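Q: Could you teach me how to read pockets, a helix and salt bridges in a model?

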Amino acid sequence: MSSDFTRREILKSASLAAGLSALGGVWSAGDASASRLSRSPNEKLNVAHIGCGGQGGSDLGQTSVHPMVNIVALCDVDDARAAASFNKFPDVKKYKDFRKMLEQSKEIDAVVVSIPDHMHAPAAVMAMKMGKHVYCQKPLAHSVAETRVMQETARRHKVVTQMGTQAHGTYASTVELISSGAIGPVREVHIQTDRPSGWWPQGLTKPAESQTPPATLDWDLWLGVAQERPYNSAYLPFVWRGWWDFGTGALGDMACHLMDGAFWALNLKYPTTVEAEGDTLLPDSAPKWMIIRYEFPQRGHMPPVKLIWYDGGKKIPADITEGVKIENGSVFVGDKGKLAVEHTQTPRLLPESQFKDFKFPERTLPRSPGHYIQWIDACRTGGRTDSNFDYACPLTESVLLGNVAFRTGKKLEWDAKKLRAANCPEADAYIQYHYRNGRKL
């Protein structure tokens, strides 16, 4: 699969301006001049949600309680899946097609995107091109190339953005500890998740049979830009994460959370090499397990870093964890010690005997008021968010390169400037995807 938008369009802003045109016919977006980028601090923010079931329902619950938010439009392709959310807002306009919602609901200031991975970029890019601020769930995109388009679109239209890494602020103390030199220069980071085991299946083959979709679901809209196929309940809801055409596997689900602390604390951006091993390579589904090895270059005074990812039951070696239980978390290995960080928990210095009298450094970073609150307040006042797309897009790109390395079976030598693996031209098929029916970003 080659790209529907060229590498030149992605990497050159002038070309990008033209390349970010219609998603084919009714997929076209309006002009940013229609946006409300400047607001009075006393004026409420008009928010629309794309995706209202599952995580989308949780996101709606977070934004709707903010006293300076009006929920003005809701969109979901499945009335049954979204029923609980829809019923909470009986007077709010409902849509199945986000394109129609964005085109018809002129009062929208900001959009929350909480739908399967393969539709993140189409929805977010259209909204940003219309001048709407965007909160988009992780991973930001389905392909590496989409992350670059999203970053450039956000810059071009000067909108406020936030990736849905809700626990980002909990890494502030990790950043302060690393910056203080408590464990010395960090040369390795090991990161582990317990997914997908017990969450959704992976290592699957595409079902041959066709089923009748529920009457409440618009299957064509759910497929969106993905290649056409018959409906089957094996694809949704939630289990779409394990299918390459819709999700990005355990890596895509959790790495934007769990690598976040390393990217922030160690000022990481793009890797130089990525290598992956895993269970059986299948054409349609992510494997049951993977181990991915990233190498990042020196950054200023910070030495090169090796970052190793484990999922599907593979674990950080015991000599690295030193008996500390890690399910979804990381261990930073420094020259003077280690730092173990379970997701959302207080970091622990290792070995504990060495640091028993250690005093945590003074706070040097501001604490977030809350991930959603920060985004809403920034939309209203022009402030900055912690997981804006300038930060989140390189993080997402690095995450997704792990899947590319696994699917090619090669150690990728990544050329971030040219958006290609210099030693592996077959990686292009996974860096950029075809959208069906000529649709484009």
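The turns below take pockets, then one helix, then salt bridges.

Q: Before we begin, what kind of model is this?
A: This is a predicted model. Side-chain atom pairs count only at pLDDT 80 or more.

Q: How is empty space found, and how much space lies in the largest pocket?
A: Rolling a probe the size of a water molecule over the atoms shows where empty space is left. Here, about 910 Å³ of space lies in the largest pocket.

Q: Which residues lie nearest the centre of the largest pocket?
A: Gly-53, Gln-55, Ser-114, Ile-115 and Trp-240. They belong to a lining of 48 residues. Four elements each give two or more residues to that lining: helix H3 (55–64), helix H5 (98–104), helix H9 (219–223) and helix H10 (249–258).

Q: How do the residues of that lining divide by class?
A: The lining of the largest pocket has 22 nonpolar, 13 polar and 13 charged residues.

Q: What lines the second largest pocket?
A: The second largest pocket holds about 220 Å³ of space. Its lining has 15 residues, with Gly-169, Ala-172, Ser-173, Arg-363 and Arg-367 nearest the centre. By class, four are nonpolar, seven polar and four charged.

Q: Which element gives the largest share of the lining of the second largest pocket?
A: Helix H8, residues 172–180, with four residues.

Q: Let us stay with H8. Is it mostly covered or mostly open?
A: Start with the general idea. An α-helix has 3.6 residues a turn, so residues three or four places apart point the same way. Now the case: H8 is mostly covered, with seven of its nine residues buried. These are Ala-172, Ser-173, Thr-174, Val-175, Glu-176, Leu-177 and Ile-178. Two of them, Ala-172 and Ser-173, also lie among the residues nearest the centre of the second largest pocket.

Q: What covers the buried residues of H8?
A: The cover includes one helix, H11 (260–265). Strands also take part, among them S7 (186–192), S11 (329–334), S12 (338–342) and S13 (348–350).

Q: Which residue follows H8?
A: Gly-181. Its phi is positive, near 85°.

Q: On to charges. How many salt bridges does the count come to?
A: The cut-off is a side-chain nitrogen of Lys or Arg within 4 Å of a carboxyl oxygen of Asp or Glu. By this rule there are 19 salt bridges.

Q: Where does the Arg-195 and Asp-194 pair sit on the scale from buried to exposed?
A: The side chains of Arg-195 and Asp-194 meet at 3.9 Å, N to O. Buried means under 20% relative accessible area, so Arg-195 at 14% is buried. Asp-194, at 26%, counts as partly exposed.

Q: Which residues are linked with that pair in a network?
A: Lys-138, Arg-241 and Asp-253 join Asp-194 and Arg-195 in a network of salt bridges.

Q: What does the Arg-348 and Glu-352 pair look like?
A: Their side chains form a salt bridge at 2.4 Å, N to O. Arg-348 is partly exposed at 37% relative accessibility, and Glu-352 is partly exposed at 45%.

Q: Which distant parts of the chain does the Glu-426 and Lys-410 pair link?
A: Glu-426 and Lys-410 form a salt bridge, with the closest N and O atoms 2.9 Å apart. Glu-426 is in the loop between strand S15 (420–421) and helix H15 (428–431). Lys-410 is in the loop between helix H14 (389–408) and strand S14 (412–415). The two residues are 16 residues apart. Glu-426 is partly exposed at 35%, and Lys-410 is partly exposed at 34%.

Key: Residues are numbered from 1 along each chain as its sequence is written. This is a predicted model: local features need pLDDT of at least 70, side-chain atom pairs count only at pLDDT 80 or more; totals for chains, interfaces and linings use all residues. Side-chain values use heavy atoms; hydrogens and water are left out. On a 1 Å grid over the protein atoms alone, a cavity is a set of points where a 1.4 Å probe fits but cannot get out, and a pocket is an open set with protein on both sides within 12 Å along at least five of seven lines; lining residues have an atom within 4 Å of a point. Grid points are joined across faces, edges and corners, and a volume is the space filled by probe spheres set on the points. Ala, Val, Leu, Ile, Met, Phe, Trp, Tyr, Cys and Pro count as nonpolar, Asp, Glu, Lys and Arg as charged, and the others, Gly among them, as polar. Buried means under 20% relative accessible area, exposed over 50%, partly exposed in between (1.4 Å probe, protein chains only). Contact means heavy atoms within 4.5 Å.
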